[in-house]
Amino acid sequence: MSALEVTLVTRDGERLQFPCAATDNVLRAAETAGYFLPAMCHEGTCGLCHARVAAGAFEMGAHSPSALSTKDAAAVLLCRCHPRDNLTVDLPYNRSQVLRHRVPVREAVIESLTPAWHGAVSLSLRLQPDPETGSAAEFSPGQFMELTIPGTEIRRAYSLANLPNWEGRLDFLIRLHPGGAFSTWLAEQAKPGDKLTVRGPSGAFVLDELSARPRCFVGGGCGLAPILSMLRHLGEFQDSQPTHLIFGANREAELLPEQEVETLRASLPQLGVTLAVSQPGSGWDGFTGTAPAALEAWLAEATEAIDIYACGPPKMLEAINAIVDQRGRGDRVIAEQL
Amino acid sequence: MFCYQCEQTTRTDLGGGCATQKGVCGKDETTADLQDLLIYQLKGIGQYSYRLHQLGQADAAADEFIRYALFTTLTNVNFNRARFVELIAQAAQVRDRLRAAYEAASPETPRLGGPAAFAPATALPDLLKQANIASVRAGADLVGDDVIGLRALVLYGLKGVAAYAHHAEVLGYTKPEVGAGLAKALDLLAGEPADINVLLTEALALGTLNYAVMELLDAANTGTYGIPAPTSVRTTPVAGKSILVSGHDLRDLHAILEAVKGTDVKVYTHGELLPAHSYPKLAAYPNLAGNYGTAWQNQQLEFAAFPGPIVMTSNCLIEPQPAYRNRIFTAGPVGWPGVRHIADGNFSQVVQAAQALPGFSETASEKKILVGFGRHAVLSVAGQVIEAVQSGAVKHFFLIGGCDGAAPGRNYYTDFAEKAPKDTVLLTLGCGKFRFNMEDHGTIGGIPRLLDIGQCNDSYSAVQIALALANAFKCGVNDLPLSLVVSWFEQKAVAVLLTLLALGVRNVRLGPSLPAFLTPAVLGVLVDKFGVQPINNAEADIAASLARASA
């Protein structure tokens, strides 16, 4: 069934339109479309998302009788309102009370550009103070920013590796691809003091901190950047849930330096780490194989359902999904494709 | 998970209670179960603490732990399961210490059983397997819903008393009898009482204890920050960097004002901190710029629109939206997973955040409201008030007190304030007032018709005003031209209701819905014995109040 059209009309007359499948509810469809309406329980109980249908057929799902006026047949809770027709709904508040997710565009200056491990560079930017957005680096660990090469329209998205901070610092771990536009600019032209435009934060590869499950992070190469940010965040908040990191590389030289692992462990003592090398030299005594193979071995010992946070190429993510399906324990894969 | 401690709990034909993976407030199943376990342990600590109090060997640190831990389990306070895992481990240590002290003092006594003997697991999955023993409905099949509901009434009253006592304690005001009273109630609950009269008596004893605690809190607030005085508070923003402080905790607000001293960062109060402006020692800070926003249930919109950091010092926190999750901080008993927590009273990073965030770009046109009619201010014009009643200029007083919330039934309180005749005075208390306090309600003989007494934490002040008027008119509180219209939401309101009942105040109108944990039979007792009345509709209730109709 194709999606129906929902029109929300704010008290001050603005019309917000978006599609909503008959199986979906109006509140969730609005959020998918980027409109965040006042809401709390999302379960038909608190009454915060009440509104009034002006036109169109709808069906109300299960909800608490105390949350909704029974005197008005057109009164609905948006979290329980399923359209059966194109709907027009009157909202009891003004447009200014509907949050719209907008991605900020700001200026930043290169603070440092240094070689990281094996063919990658560490790029550190500082946001320029702006009257509208201030100077803080606000993002959720795991999110990315789009960087524009100065004087061009060329934009590339890179995950943030550091933590949100009030100094406005944005740290990236970028692998240089020979011939790549951004890589070439970074390698040949970029220098501290250069200004560039950053757009973000964006992305839904973020921690589900309400989940009580053990967490396993799987990444390799620059897929580590968002995972590093997440692990640093868990460390900063002294998270106590079981946490494991699987870092995959082709050769030992591409592995995460031991010192990085120790720094993470200092703030996250429960962190278990598997370094997996698929083509190791003769002296390697760690896990031999790919990151998904290391995950499979680690999951074989796990008794609970796991939240797996994976960042890597499509092939790696496909392999992880196959392993999880095979295991059949209800593990959840939260992934970012590189 | 099973939780029915607040007003907005899920209600179905089968009864009230949040029993799915997540409660209406946003508390998940794991956190709810861990909170139940912590409460169960606190009952065990209460068993030892009560006995040590009787022996004159009270452990003040254990009493403090009980108050803080109970406070964390109030509605909309702490959602961070990791914090509860820590508190459960700490509770086991506190219990062990008290057990050792008690057994040293009474070597002949056999070891206590029940919650006092509970050994919590260390790993989270094992802890969750133990949670059934601690459910608020444990034993329902044996003792029935009336008893379970009354045990819940005692427990929720306890939580409210503990929260008020904690607020007083952080300002350095404690009394050993508060610790003893809380321990006694916990000890009683540990014994799984099934006698309805015993439970009702304990509920009223907690009401009496809460009266003493409210007095202590009043002394703490006025002793530390001065006597509240009528104060005009700006409710629109001023250009510049800004911090928003919500919750109830005056000490945290004071610490933030100290932290911004000498900067141009402006501090705004939110929700229940509005009355803070009436304390002279807080109002004296030039950085205290005004109040921003309204009651707790509107925080997602108000916080998202606020251009600076936000500090939540106590309840009511609801799930921080992505729009402001990075710039909201919790303090004291409050917590949310992944939200920065300030445990040591050092708010310097909040100031740093304020400097980095944009702040208000322009000054809005000035709007003000009047607050600060606590007992001192009202009683200073007692002569005028009495004269106004005697001359007929004031026909009646309505105390519209308690919490706000999202349910549409709460429109009743707005209707009540709007429809109350112009020759009546509206006294407000708590955050329910935000539904109508921005309107101009006029004056009677130069006295504003709407007098805000303060936070829900200032209920003592309201009771003192009522007692003083009763004294002046040489009658009882129930004979005064005064009606109490109470909106409840969380457990502090339960404690205040128990105080009113313990003081013999009758005919309290309670809404928007009655507690889900009380069965019709127990509610019947409250109606018969204390005249507690569910709200009806505003016009009918106003008319009944003016006619002094009672239940």
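Reader: Does A:Thr45 count as buried or exposed, and why?
Author: Good place to start, keeping in mind that this is a predicted model. A:Thr45 is found in the loop between strand S3 (35–36) and strand S4 (50–55) of chain A. A residue needs 20 or more other C-beta atoms within 10 Å to pass the cut-off. Because A:Thr45 has 29 C-beta neighbours inside 10 Å, it counts as buried.

Reader: Which residues of chain B does A:Thr45 touch?
Author: Let's leave aside residues up to four places away in sequence. In chain A, the partners of A:Thr45 are A:His63, A:Ser64 and A:Ala67. On the chain B side, they are B:Gln8, B:Thr10 and B:Val24.

Reader: How many residues of chain A are in contact with chain B?
Author: The two sides are counted separately, and chain B contributes 34 residues. The side of chain A that touches chain B divides into 17 nonpolar, 13 polar and 6 charged residues. For chain A, the number in contact is 36.

Reader: Which domains does the assignment give for chain A?
Author: Chain A has 338 residues, of which 41% count as buried. The C-alpha centres of domain 1 and domain 2 of chain A lie 39 Å apart. The assignment gives domain 1 (4–100), domain 2 (105–202) and domain 3 (215–337).

Reader: Which strands stand at the edges of the open sheet of 6 strands in chain A?
Author: Follow the order of this sheet in chain A, S19-S18-S17-S16-S20-S21, where the pairing is parallel. An edge strand has a single partner strand, so one side of it is left without a neighbour in the sheet. In chain A that describes strand S19 (287–288) and strand S21 (332–337).

Reader: Which helix packs on that sheet of chain A?
Author: Look first at strand S16 (residues 215–220) and strand S20 (residues 307–312) of chain A, which pair in the parallel sense over 5 bridges. Here A:Arg215 stands opposite A:Asp307 in S20(A). The helix touches S16, strand S17 (243–249), S20 and S21 of chain A, and its direction makes about 150° with that of S16(A). Its name is helix H3 (residues 224–236) of chain A.

Reader: What are the edge strands of the open sheet in chain B?
Author: The 6 strands of this sheet in chain B follow the order S15-S12-S11-S16-S17-S18, with parallel pairing. At one end, 4 bridges join strand S12 (residues 424–429) of chain B to S15(B), and B:Leu426 stands opposite B:Leu450 in S15(B). Each edge strand pairs on one side only, and in chain B these are strand S15 (450–454) and strand S18 (533–534).

Reader: How are H5(B) and H16(B) placed relative to each other, roughly parallel or roughly perpendicular?
Author: The axes of helix H5 (residues 140–169) and helix H16 (residues 491–502) of chain B come within 7 Å and cross at roughly 100°. The residues of this contact divide into 8 nonpolar, 3 polar and 2 charged, including B:Leu153 in H5(B) and B:Leu498 in H16(B). Since angles of 65 to 115 degrees carry this label, H5(B) and H16(B) are therefore roughly perpendicular.

Reader: Which elements of chain B do the buried residues of H11(B) pack against?
Author: Helix H11 (residues 348–356) of chain B has several buried residues, among them B:Val350, B:Val351 and B:Ala353. The buried residues of H11(B) pack against strand S4 (242–246), helix H8 (250–259), strand S7 (310–312) and strand S8 (328–331) of chain B.

Methods:
Residues numbered from 1 in each chain as written. Chains lettered and ligands numbered in written order. Predicted model: local features only at pLDDT ≥ 70, side-chain atom pairs only at ≥ 80, totals over all residues. Buried ≥ 20, exposed ≤ 12 C-beta atoms within 10 Å, placed from the backbone. Domains from an automatic or database assignment. Axes fitted to C-alpha atoms, helices over the stretch in contact; angles between N-to-C directions. Helix = DSSP H or I, 4+ residues; strand = E, 2+ residues; numbered from the N terminus. Parallel < 35°, antiparallel > 145°, perpendicular 65-115°, else oblique. Contact = placed C-beta atoms within 7 Å. Nonpolar A, V, L, I, M, F, W, Y, C, P; charged D, E, K, R; others polar. Pairing = 2+ DSSP bridges.
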